[in-house]
Structure formats: C-alpha cells, structure tokens
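The following note sets out several points for a colleague who is beginning to read this structure. Please keep the sequence and the model in view while going through them.

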Amino acid sequence: MSEITVPTQATAAGMDPELFETFLDQLRRYVRERLIPAEPGVIEANCVPAEIMAEMKDMGLFAMTTPEEFGGADMSVTQYIRVVREMAWAAPAYRAAVSINTGMFTTAVRKGGTREQQAEWLTRSASGEVACFGLTEPDSGSDSAALKTRAVRDGDDYVINGTKRYITNAPIADLGLIMVRTNAEPLPKNTHISAILVDMKTPGITIGSPDHKMGQRGALIADIIFEDVRVPARNLLGQEEGKGFLAAMQALDSGRLSVGAAGLGLAERALETGLRYATERKAFGEPIANFQLIQAMLADSKAELYAAECMMWDACARAERGRATLECSAFKMFATEACGRVVDRVVQIYGGAGYLAEYDAERLFRDARIYRIYEGTTQIQQLVIAKQMLRDFAART
Ligand SMILES: Cc1cc2nc3c(=O)[nH]c(=O)nc-3n(C[C@H](O)[C@H](O)[C@H](O)COP(=O)(O)OP(=O)(O)OC[C@H]3O[C@@H](n4cnc5c(N)ncnc54)[C@H](O)[C@@H]3O)c2cc1C
C-alpha cells in the first residue's frame with residue numbers, strides 16, 4: 001500500500017481536483033487495509049511503528065499543506081480537512097503524528113515566517129521531520145497569553161528558559177514552534193508573546209517521560225524543559241518580536257478544523273461499528289436493530305454527524321476565503337461534542353460489551369474525550385463565538 005504518494009500538481013485552489021479524489025480513494029483504502037489492522041500493535045507498543053511512519057513520509061502525508069516550491073502538495077483547506085477526516089477512521093495516533101506538521105506548524109510558518117524561514121522549515125517539515133507546537137505550560141492553558149517561558153535576546157541568539165506541558169509529539173519531534181515571552185510585562189494585543197523555530201536537538205532541551213493518558217495510545221505527549229537553550233535570533237518567526245500570539249491564533253483556526261474533522265471521522269467509525277453490532281446482536285429473539293429505541297440512537301447520531309459534515313464543508317470554504325474564526329470554533333465545538341454523544345450511544349448499543357476493553361466501542365469512547373479539550377476547550381470555543389457575535393452586533397448597531 002505504501003506506493004501511494006500525494007501528487008503535487010497544485011492549482012490556485014489547491015491540488016488538482018481529479019488527482020485529489022484519486023488520492024483520497026487510495027488513502028481510504030490505506031486507512032482500511034493497513035492502518036486499522038495495525039491498530040493493536042500501536043496500542044500495545046504505545047507508538048506508531050517505524051515502518052508506518054516511513055510509509056506515511058514516503059506517501060507525502062507530512063507535505064500535504066506545504067507549498068509546491070518547498071516540496072509539498074499545497075492542498076486547499078477543504079482538501080486537507082477531508083484527508084484528516086479519512087485518517088481519523090483509524091487510531092488517532094496516526095493523525096497525531098502527521099497533523100502538527102500539516103496543521104499548526106505549516107500554517108504558522110506560511111502565514112508568519114519570512115521567505116528564508118519558509119524555505120528552511122517548511123522543506124524540513126514536508127520531508128517528514130516531525131514537528132511539535134508548544135503553547136501550553138504548567139500554569140497556562142486556556143489563558144495562553146499568561147505563558148511564562150522566556151526568550152531573552154543575547155547577541156545573535158535568543159536564550160530560552162521555561163517549561164511547556166502536554167506537548168503532542170514532544171518525545172519524537174525534530175522541529176518545534178515554541179511560543180515564548182519576549183517581554184517580561186504583558187503588552188497590548190499580547191505582543192509580549194513571540195514564536196520561535198527550534199531545532200529540538202539543541203543543547204539544553206530535555207523531554208519529560210510521555211504522560212499516561214485516558215486514551216489515544218500511541219499519540220505521545222510530554223513536557224519540554226528549556227534550560228538556557230540558545231536559538232539563533234534569525235529563527236524568530238517573522239523576525240519580529242510580538243508576532244507570536246497572532247501566529248498561534250491563526251494556527252489554532254487550522255488546528256480547530258483539524259480536530260473537528262478528527263472528531264467527525266472517529267464518530268463515523270464508531271457509528272458504523274454500532275450499526276453492525278445492532279444488526280448482529282440478538283435480544284428477545286431478534287436483532288436489537290429492530291428495536292425502535294436502538295433505531296433512535298442510530299438516527300440521532302446520523303443526523304448529528306450530517307450536521308457536523310455540513311459545517312465542515314462550510315467552515316473550510318469560509319477559511320479558504322479569509323479568516324473564519326467563528327465558524328472554525330463553531331465546527332470544532334459542535335463536531336467534537338457530537339462525537340462525544342455518538343461514542344456514548346455506541347457504548348449503550350453494545351450493552352455490557354461496550355464496557356469491555358476487548359471491543360472497539362470502549363476504546364473509541366476513551367479516544368474521543370480529548371477532542372472536547374485540546375485546541376481550545378468547548379468553553380473557550382463558546383467564548384470565541386460569543387465575542388465575535390457581540391463584535392458583529394456592535395458594528396451593525
Ligand atoms: C492529549 C493532549 C494533547 C495536547 N497537545 C498540545 C500541544 O501539542 N500543544 C500545546 O500547546 N498544548 C497541548 N495540549 C494542551 C491543551 O491544549 C490544554 O490542555 C487545553 O487548552 C486546556 O488547557 P488547561 O489544561 O490548562 O485547562 P484550563 O485552562 O486550566 O481549564 C480548566 C477548565 O476551566 C475552563 N475554563 C478556563 N478558562 C475559562 C473561561 N474563561 N471561561 C469558562 N471556562 C474556562 C476550561 O474550559 C476547562 O473546563 C494538549 C493536551 C492534551 C491533554
């Protein structure tokens with residue numbers, strides 16, 4: 001299966017549509033015939049096997065959103081998010097390994113990096129060097145602008161000190177986009193925060209042991225500790241202090257679309273699993289799928305996923321036309337909350353078996369939970385949506 005490669009014939013609106021559809025069909029097969037059967041090994045070893053990482057690199061999955069000139073396929077937002085949804089049918093570890101590169105990292109460097117930075121870091125990311133995105137810290141998560149990690153200018157370098165927490169891919173990352181405080185005092189519009197590109201092999205960087213999580217085995221997170229880490233000043237994103245928060249926020253729009261699509265894909269798989277179980281399991285002498293209360297759970301789930309899918313297409317189209325922060329947040333919130341309801345119903349459809357580790361329903365239930373928390377919790381999405389509504393209202397009254 002690994003002979004599939006992402007074609008690189010980009011048009012102004014992303015990859016050539018016909019080539020893209022062919023690629024998506026092939027990817028769907030790769031997910032069903034290669035990634036899903038390999039899931040038990042991922043869960044057992046708590047990592048994506050090296051041969052699958054190599055296949056995903058060879059297929060160009062790390063380069064999906066990189067511009068062609070830096071070795072990528074330059075997919076449109078919609079194309080990329082459709083890929084995420086397909087990959088999300090398999091264990092989340094596969095998407096996690098790829099999606100920091102293709103989402104947050106590439107988006108921030110494309111939007112905020114200088115040409116030289118793009119040439120160096122996007123090329124590295126597209127070639128499959130794994131990236132991480134460091135925003136969260138022990139004392140700041142939702143309130144991300146309160147981060148404490150300091151970068152202090154010293155000659156031609158910045159010297160970084162501080163700790164990042166829960167960072168996806170930290171144990172396997174080669175590249176980091178790290179949010180740092182370049183001014184000790186808070187500044188208007190959060191311009192005390194900058195973003196800096198870091199080679200993760202730089203002396204002074206220590207990676208903590210991978211955290212034990214509720215689910216998503218194989219998707220690794222850990223602390224990153226910076227102790228007097230010297231990074232060339234030319235690595236400051238955009239070569240200007242104070243641009244980091246904007247870069248982080250712009251990257252979060254893309255990250256939120258990606259997590260929404262991941263929730264949608266996982267929920268679709270869960271519902272398929274529930275549907276099959278309902279037709280096979282018998283109670284009172286007939287398949288439980290014949291019972292209308294089971295049908296209600298199937299129907300509610302289907303309707304919610306249909307709504308999430310419609311939101312996905314619309315939010316992506318809007319993001320292609322410009323910033324669509326409200327719609328990205330609304331999609332992320334709705335799709336991940338719907339995903340939570342769907343996996344819960346699927347456990348219910350399985351009955352006692354749904355509570356047992358040997359069935360997929362139990363794992364999907366645990367794997368889904370984080371989608372309502374990272375890239376901004378549901379409460380933070382509510383705040384983003386309401387703030388934008390109030391701004392729009394003030395502007396028209
Ligand atoms: C598996 C995993 C992977 C992650 N990967 C990354 C990564 O790659 N990079 C990275 O930077 N971070 C990452 N994170 C961190 C993640 O983004 C944060 O955990 C998340 O943003 C929430 O922050 P917090 O944990 O500090 O919670 P808190 O901010 O402490 O929130 C606690 C609770 O308070 C609520 N709350 C907070 N503020 C408000 C408010 N103003 N109004 C109402 N309610 C509020 C929240 O919604 C939540 O319910 C990851 C986390 C996990 C678990």
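1. In this predicted model, the side chain of Q379 places an N or O atom 2.7 Å from an oxygen atom of the ligand. Two further polar pairs involve nitrogen atoms of the ligand. In one of them, a polar backbone atom of F133 lies 2.8 Å from a ligand nitrogen. In the other, a polar side-chain atom of T168 is 2.8 Å from a nitrogen atom of the ligand.

2. How much of the ligand does the protein bury? The ligand taken alone exposes 990 Å², and the protein buries 63% of that area.

3. Which elements give two or more residues to the shell around the ligand? They are strand β3 (131-134), strand β5 (157-168) and helix α11 (378-396). Strand β5 supplies the largest share, with 3 residues.

4. The ligand is surrounded by 18 residues, and the closest are F133, T136, S142, T377 and Q379. Sorted by class, the shell holds 9 nonpolar residues, 7 polar residues and 2 charged residues.

5. Turning to the protein chain as a whole, its secondary structure comprises 11 helices and 11 strands. The radius of gyration is 21 Å, close to the 21 Å that the globule rule gives for 397 residues, so the chain is as compact as a globular protein of that length. Along the principal axes, the C-alpha atoms fill a box of roughly 80 × 55 × 45 Å.

6. Burial and contacts add to this description of the chain. Of the 397 residues, 53% are buried. Among contacts between residues at least 6 apart in sequence, 75% join residues at least 24 apart. The chain exposes about 17600 Å², and carbon and sulfur atoms supply 53% of that surface.

7. Two residues deserve attention for their backbone angles. Most residues other than glycine have a negative phi. Y166, however, has a positive phi, near 60 degrees, and Q216 also has a positive value, near 55 degrees.

8. Are these two residues buried or exposed? Y166, which lies in strand β5, has a relative accessibility of 54% and therefore counts as exposed, since the cut-off for that class is over 50%. Q216 lies in the loop between β8 (205-207) and β9 (221-232). At 5% relative accessibility, Q216 counts as buried, because buried means under 20%.

9. Helix α10 (residues 360-368) contains several buried residues, namely A361, E362, R363, L364, D367 and A368. The buried residues of α10 pack against four helices: α2 (39-45), α5 (92-112), α7 (244-280) and α9 (325-350).

10. D367, a residue of helix α10, links this helix to the loop discussed in point 8. What does the side chain of D367 reach? The side chain of D367 reaches the backbone nitrogen of Q216 at a distance of 2.6 Å. D367 is buried, because its relative accessible area of 3% is under 20%. Leaving aside residues up to four places away in sequence, D367 touches P92, G215, Q216, R217 and L266.

11. For a first reading, two places can be examined side by side. One is the ligand with its shell, to which β3, β5 and α11 each give two or more residues. The other is the contact between the side chain of D367 and the backbone nitrogen of Q216, a residue with a positive phi.

Terms used: Residues are numbered from 1 along each chain as its sequence is written. This is a predicted model: local features need pLDDT of at least 70, side-chain atom pairs count only at pLDDT 80 or more; totals for chains, interfaces and linings use all residues. Side-chain values use heavy atoms; hydrogens and water are left out. A residue is near a molecule or strand if one of its heavy atoms lies within 4 Å of it. A polar contact is a pair of N or O atoms within 3.5 Å; within protein, one must be able to donate a hydrogen and the other to accept it, and residues adjacent in sequence count only if both atoms are side-chain atoms. Accessible areas come from the Shrake-Rupley method with a 1.4 Å probe; for residues, only the protein chains shown count as cover. Ala, Val, Leu, Ile, Met, Phe, Trp, Tyr, Cys and Pro count as nonpolar, Asp, Glu, Lys and Arg as charged, and the others, Gly among them, as polar. The radius of gyration is taken over C-alpha atoms; the globule rule is 2.2 Å times the number of residues to the power 0.38. Buried means under 20% relative accessible area, exposed over 50%, partly exposed in between (1.4 Å probe, protein chains only). Contact means heavy atoms within 4.5 Å.
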